[in-house]
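Visitor: Could you take me through one part of this model at close range? I would like to start with how two of the helices pack, and then follow the chain from there.

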Amino acid sequence: MEEIIVESLGYVEVKTSDEDKEELLFYIAELDEKEKELIVRRYYYEQKPAEIALALDIPKKQIENRLYYAKQKLKRCWANK
């Protein structure tokens with residue numbers, strides 16, 4: 001699961017070390033539960049935002065916005081490492 005998320009998010013290229021992948025997974029684990037659920041649904045289960053919205057009974061645009069902000073958090077963490 002972890003490798004799929006890491007590669008899907010695009011922050012760690014395939015040739016990076018296991019240490020980098022573990023670090024990104026640490027940052028994902030630090031997200032709040034709602035953000036973590038969205039990241040897992042989108043990048044591990046490969047659900048589209050519309051599918052996530054239907055499953056969680058939340059508007060699609062709100063899912064897209066939450067995914068955007070969760071990815072921004074991850075980018076900031078990754079940049080500040």
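Guide: Helix 2 and helix 5 make a right-handed crossing; a crossing has that name if the near helix is turned clockwise from the far one by less than a right angle, and is left-handed if anticlockwise. Helices here are DSSP runs (H or I, at least four residues), numbered from the N terminus. Please keep in mind that this is a predicted model, in which local features need pLDDT of at least 70 and side-chain atom pairs count only at pLDDT 80 or more, while totals for chains, interfaces and linings use all residues. Residues are numbered from 1 along each chain as its sequence is written, and side-chain values use heavy atoms, with hydrogens and water left out.

Back to the crossing. The axes of helix 2 (residues 18-30) and helix 5 come within 10 Å and cross at roughly 135 degrees. The axes are lines fitted to C-alpha atoms over the stretch in contact, with angles from 0 to 180 degrees between N-to-C directions. That angle makes helix 2 oblique to helix 5, since under 35 degrees counts as roughly parallel, over 145 as roughly antiparallel, 65 to 115 as roughly perpendicular and the rest as oblique. Helix 2 brings Asp20, Glu23, Leu24, Tyr27 and Ile28 to the contact, and helix 5 brings Leu74, Cys77 and Trp78; contact means heavy atoms within 4.5 Å. By class, this contact has 6 nonpolar, no polar and 2 charged residues. Ala, Val, Leu, Ile, Met, Phe, Trp, Tyr, Cys and Pro count as nonpolar, Asp, Glu, Lys and Arg as charged, and the others, Gly among them, as polar.

Helix 5 (60-79) also holds a charged pair, Lys60 and Glu64, which lie 4 residues apart, about one turn of the helix. They form a salt bridge with the closest N and O atoms 3.8 Å apart; the term asks for a side-chain nitrogen of Lys or Arg within 4 Å of a carboxyl oxygen of Asp or Glu. Lys60 is partly exposed at 44% relative accessible area, and so is Glu64 at 30%. On this scale buried is under 20%, exposed over 50% and partly exposed in between (1.4 Å probe, protein chains only).

Just ahead of this helix comes the loop between helix 4 and helix 5, where Asp57 is found. Asp57 has a positive phi, near 55 degrees, although not a glycine, and is exposed at 72%. Most residues other than glycine have a negative phi. Glu46 also has a positive phi, of about 55 degrees. Glu46 sits in the loop between helix 3 (33-43) and helix 4 (49-56) and is exposed at 56%.

Helix 3 has salt bridges of its own, and the whole structure has 4. Lys36 pairs with Glu33 at 3.2 Å between the closest N and O atoms, with 3 residues, about one turn, between their positions. Lys36 is partly exposed at 21%, whereas Glu33 is exposed at 57%. Glu37 meets Arg41 at 3.1 Å, N to O; these two are 4 residues apart in helix 3, so about one helical turn separates them.

Leu38 is also in helix 3, and is buried at 4%. Leu38 touches Ile52, Leu56, Ile63, Arg66 and Leu67, leaving aside residues up to four places away in sequence. The C-alpha atoms of Leu38 and Ile63 are 7.7 Å apart, with their positions 25 residues apart along the chain.
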